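Here are some notes on ring contacts and empty space, in the order I'd go through them with the viewer open. Shout if any point needs another look.

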Amino acid sequence: MKSPEEILEYTSDLSVAKVKKPLLSKLILAFIGGAMVSMGYMTYLRVAAAIPGGAGVLVGAALFPTGLVAIMLGGAELATSNMMVVGLGYLRKRVTLKDVLLNWLTVTSMNIVGAIFVAGVLGIGAQVLTGKPYLDFAINVAHHKIDVAFLTAFLSGIGCNWLVGMAAWVAYGAKDAAGKILAIWFIITIFVVLGFQHSIANSFVIPFAIFEGAATWGQFVGNFIPVFLGNVVGGVGLVSLLFSIAYKKH
């Protein structure tokens, strides 16, 4: 296991590598990232709907992290983890603000495309979520996201990416695949059990509800903005900034 100081240096170096990737690579890897998160979420919805009560939520939440495991070990790009990584690079003066904003815009955009692709092609086209009890459960989850106030969604976004950022941080400290998987698995399970809002996961479940006529694109945008901003605060403010201050060389 790397020391926290070593994780800080590794993550700083990684921020530079992320912003220097060719545009086509970023687009492809971000599409995969959005799709993999959505695969994990789709699994959660299937399991939580099939098993009644809290047990279903717990089992589903324990399977959701497979998406982030695939992203982290497979080298895909995810906006929420990039908030922490590239944000750290900016705080340590390794990348510019322009680098940060372009990376977030590119990765977020293609994450959304990947998430909507899975919602339409697999969630509906392959009928993974269109039967009962999955359809009703998925729509109910979508409305739990969009039917909250702006501040509630924002604060939930902070909680989510505080945990996602920590999962990425600890995974970067692990020196083998097994360690990375364990680091990701338990921390991400917590965020799902707590019901925190993840902007890219929401880009799967809310469009799914839209395709089923149970939500609107206006509601999606109204949810995405506060959740995305909360994700930024959680990843940059509560992970990158705090660790940068705590382990700053004097």
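Which helices each supply at least two residues of the lining of the largest cavity?

1. The answer is helix 4 (66–74) and helix 9 (177–194). Keep in mind throughout that this is a predicted model. A search of the whole structure turns up 1 cavity of 30 Å³ or more, and the volume of the largest cavity comes to about 60 Å³.

2. Now for who lines that space. The largest cavity is lined by Val 37, Phe 64, Gly 67, Leu 68, Leu 78, Val 164, Ile 188, Phe 191 and His 198. By class that lining splits into 7 nonpolar, 2 polar and no charged residues. If you're wondering about the polar ones, Gly 67 and His 198 are in the list, and Gly counts as polar in this scheme.

3. Two of the cavity's lining residues also turn up among the rings. Phe 64 and Phe 191 line the largest cavity, and both belong to one aromatic cluster together with Tyr 41, Tyr 44, Phe 137 and Phe 204. Over the whole structure, the search finds 13 aromatic pairs. One of them is Tyr 41 with Tyr 44, a tilted pair at 5.8 Å centre to centre with 40 degrees between the planes.

4. Staying with that pair: Tyr 41 and Tyr 44 sit in helix 2 (residues 23–50), 3 residues apart, or about one turn of the helix. Both tyrosines are buried. Compare Trp 217 and Phe 220, an edge-to-face pair at 5.8 Å centre to centre and 85 degrees between the planes.

5. Why are Trp 217 and Phe 220 about one helical turn apart? Because they are 3 residues apart in helix 11 (residues 217–246). Are the two rings buried or exposed? Trp 217 has 41% relative accessibility, so it counts as partly exposed. Phe 220 has a relative accessible area of 7%, so it counts as buried.

6. There are also charges over rings to check. Arg 46 lies over the face of Tyr 134, 4.1 Å from the ring centre. Likewise, Lys 2 lies over the face of Tyr 10, 4.7 Å from the ring centre.

7. On to the open space. The largest pocket has a volume of about 350 Å³. Its lining has 21 residues, and those nearest its centre are Tyr 41, Val 141, Lys 145, Gly 195 and Phe 196. Two or more lining residues come from each of helix 2, helix 7 (134–146), helix 8 (150–173), helix 9 and helix 10 (199–211). Helix 7 gives the largest share, 5 residues. Tyr 41 is worth a second look here, as this pocket residue is also a member of the aromatic cluster.

8. What is the make-up of the lining of the largest pocket by class? There are 12 nonpolar, 8 polar and 1 charged residues. Lys 145 is in that lining, and Lys counts as charged.

9. Last one. The second largest pocket holds about 220 Å³ of space. Of its 14 lining residues, Leu 14, Lys 18, Met 72, Gly 75 and Tyr 172 lie nearest its centre. Helix 1 (4–20), helix 4 and helix 8 are the elements giving two or more residues to this lining. The class split here is 8 nonpolar, 2 polar and 4 charged. Helix 4 is one to keep in view, since it also supplies at least two residues to the lining of the largest cavity.

Notes: Residues numbered from 1 in each chain as written. Predicted model: local features only at pLDDT ≥ 70, side-chain atom pairs only at ≥ 80, totals over all residues. Heavy atoms only, no water. Phe/Tyr/Trp six-rings, centres within 6.5 Å; stacked < 30°, edge-to-face > 60°. Helix = DSSP H or I, 4+ residues; strand = E, 2+ residues; numbered from the N terminus. Buried < 20%, exposed > 50% of the residue type's maximum accessible area, 1.4 Å probe, protein only. Lys NZ or Arg CZ within 6 Å of the ring centre and 35° of its normal. 1 Å grid on protein atoms, 1.4 Å probe; cavity = no way out; pocket = protein on both sides within 12 Å on 5 of 7 lines; lining within 4 Å. Points joined across faces, edges and corners; volume = space filled by probe spheres on them.
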